[in-house]
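Trainee: Got a minute? I'd like to walk through this model with you.
Mentor: Sure. Put it on the screen and ask away.

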Amino acid sequence: MEQFAADLATMVRTPLTEAHVAAMRRVGKEVTLQPGELIQEAGAPITMFPYLLEGELEAVDPRTNARYSTSSLGPGQFFGELNFLSGGNALMSGRAVVESRVLCVPREAMLRLMSEIPEMSDIVITVMAARRRRIMSTQEGGLTLIGGDVDRDVRRIASFASRNRIPYSELDLHSDEAAVVAERCGLQQGAPFVVFGADQVIDPPTPRAVARVLGQDISLHTEDVFDVIVVGGGPAGVAAGVYAGAEGLRALVLEDVAIGGQAGTSSRIENYMGFPTGIPGGDLVGRGEIQAMKFGTRFATPRRATGLRQCTDKLFHVMLEDGQEASARAIVAATGVQYRRLPWEGIERLEGAGVYYAATEVEARYCRDSEVAVIGGGNSAGQAAMFLARTARHVHVLVRGPGLAASMSDYLLSRLEAHPRITIHTRTQVVSLHGRDMLDSITIRDAHSGQDWTLRTNALFVMVGAAPNTTWLSGLVELDEQGFVKTGTSVSQPSGYATSCPGIFAVGDVRAGSVKRVASAVGEGSVVISDVWAHVNASS
Ligand SMILES: Cc1cc2nc3c(=O)[nH]c(=O)nc-3n(C[C@H](O)[C@H](O)[C@H](O)COP(=O)(O)OP(=O)(O)OC[C@H]3O[C@@H](n4cnc5c(N)ncnc54)[C@H](O)[C@@H]3O)c2cc1C
């Protein structure tokens, strides 16, 4: 299966050429570091691209201040990984081992050079992405989550970090290592917490606070006008981000949860052209994010749009959950769909603590070797069941109807039926959930017999009732009866993606009549940018 980036251990590295170094010299400055001196501090903003001319640099673990085992850099190499592109803070420190000469290129100047010299950009981005892949797998990078085994808030951060490809390591609440970290941070032992580096406690432990520490929480101001704001960072929104950046538009992508959207929760997209062995949806869209950043598109995650208004100056103002606003000449709505919260008593308390709406590596870890229930008869439920069956003791697929043939792809249904650890229960319905802080069982009603039975389970995956995310559009555009955004001829617009309000466009799953697939979402997000471009040009 294809992945997010190349494997650093086996990849053949192409060094930057003399011409590239000469170009960097024109905008950079040479500095000499003494042994032990830092070129970059973990947690500090990344303001430059350090290229090593002579000497040796090492990457340093911000938890221990010791060198990562395989992290020596020699002349011709550079320090840094993907946070350089996103404009975030450094995940680890960089330090001189011996006296070293480093060419320091200011970040903005380096990004300009990369956009002017594509071969240089390819070399830098390939290495940075491979480094991110490695530090994800080795769990380096300074973010430590303690107590995800018992605490819902810490689990949320694990899910946020994992889905946004932020490296982290986890410690069980009552482990000896957790006690050591708690003592170092001056915290009570046995309470869950999140820490960056040696002792920077992230309080409150929310995805937003983590994003802030990593410098990914950009500050927005109404006077800072973008050409286009794309709301939603699923396949459609990220594709729009790539094309907007490539066409020279100043673009911002706002994403509430995680770049990747629904596709990011699929462990294997098998029908996207060009990936014959499949690709995890998060890796596919993550590649798009890097591509968009390369073209200058900015991303803000986790940021939720809560409202939209248009002023007399024709600008659109997107209201965010914290009261900040962001302004643009055009809006692309790419907010997709979301599973509905089912009306069980106590569900809010158990969301993230046994009730889940996505089946990714993180959730799979929390229900390893357990009985698991999946509600839903569509392809997403089928994929989730197959994925969870790799590690769960048994997966129970619960469907209301008499079968799955009408709602699930044939190939997937055959796999489910053939799997020894998956059982499909037709004509069943979950009637209640049980558990105080964590889910411990569910009651299921069997319509064949009219009997209720109890399944002891610590994980229930809800994958039914997908509804479009449109409340943030504040009634500015026409919706159909199900709440999907109407576009094109249905609202007398010549462009297929134009809504009833000029300047607001809609793409992907949120659009009425769209085909609910990754490929079509990517296609729509790519194509809409020519209409956005025409609108921005006409209005400025
Ligand atoms: C488990 C699963 C497996 C799937 N497998 C396949 C497959 O194999 N092949 C295939 O073709 N399709 C598959 N699909 C369908 C496919 O993933 C979707 O059609 C596609 O992701 C739609 O893309 P989108 O960008 O339009 O919307 P989404 O992917 O839904 O993305 C919308 C994004 O907008 C964000 N958002 C919502 N509201 C706001 C707000 N107010 N402010 C900011 N951000 C917001 C959401 O957090 C989300 O990230 C699968 C779906 C699921 C759930």
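Trainee: Start with the ligand. How far is a backbone N or O atom of Val518 from an oxygen atom of the ligand?
Mentor: 2.9 Å, for that backbone atom of Val518 and the ligand oxygen. That is a polar contact, meaning a pair of N or O atoms within 3.5 Å; within protein, one must be able to donate a hydrogen and the other to accept it, and residues adjacent in sequence count only if both atoms are side-chain atoms. Keep in mind that this is a predicted model: local features need pLDDT of at least 70, side-chain atom pairs count only at pLDDT 80 or more, and totals for chains, interfaces and linings use all residues. Residues are numbered from 1 along each chain as its sequence is written, and side-chain values use heavy atoms, with hydrogens and water left out.

Trainee: How much of the ligand does the protein bury?
Mentor: 92% of the 1,000 Å² that the ligand exposes when taken alone. Those areas come from the Shrake-Rupley method with a 1.4 Å probe; for residues, only the protein chains shown count as cover.

Trainee: What does the side chain of Gln262 do there?
Mentor: One of its N or O atoms sits 2.8 Å from a ligand oxygen. Pro235 has a polar backbone atom 3.2 Å from an oxygen of the ligand.

Trainee: How many residues surround the ligand?
Mentor: 36, and the closest are Glu255, Gln262, Asn271, Asp509 and Val518. A residue counts if one of its heavy atoms lies within 4 Å.

Trainee: Which elements each supply at least two residues of that shell?
Mentor: α8 (235-246), β18 (337-339), α12 (379-388) and α14 (518-539). Helices (H or I, at least four residues) and strands (E, at least two) are DSSP runs, numbered from the N terminus.

Trainee: New topic. How is the chain divided into domains?
Mentor: Domain 1 is 18-138, domain 2 is 143-213, domain 3 is 225-337 + 467-539, and domain 4 is 347-462. The bounds come from an automatic or database domain assignment.

Trainee: Which residues of the largest nonpolar core touch the most other members?
Mentor: Met24, Phe49, Tyr51, Met110, Val228 and Val532, out of 68 residues. Such a core is a set of buried Ala, Val, Leu, Ile, Met, Phe, Trp, Tyr and Cys residues joined through side-chain atoms within 4.5 Å. Buried means under 20% relative accessible area, exposed over 50%, partly exposed in between (1.4 Å probe, protein chains only).

Trainee: Why does this core lie between domain 1 and domain 3?
Mentor: Because both domains give residues to this core.

Trainee: What is Met110 in contact with, leaving aside neighbours within four places in sequence?
Mentor: Met24, Phe49, Phe84, Val105, Met120 and Val124. Contact means heavy atoms within 4.5 Å.

Trainee: On to the backbone. Which peptide bonds are cis?
Mentor: One joins Asp203 and Pro204, with omega about 0°. Another runs from Thr301 to Pro302, with omega near -5°. Pro302 is in the loop between β14 (298-300) and β15 (305-310).

Trainee: And Ser474, what is its phi near?
Mentor: 50°, a positive value in a residue other than glycine. Most residues other than glycine have a negative phi.

Trainee: Is Ser474 buried or partly exposed?
Mentor: Ser474 is partly exposed, at a relative accessible area of 38%. Its place is the loop between β27 (466-468) and β28 (504-506).
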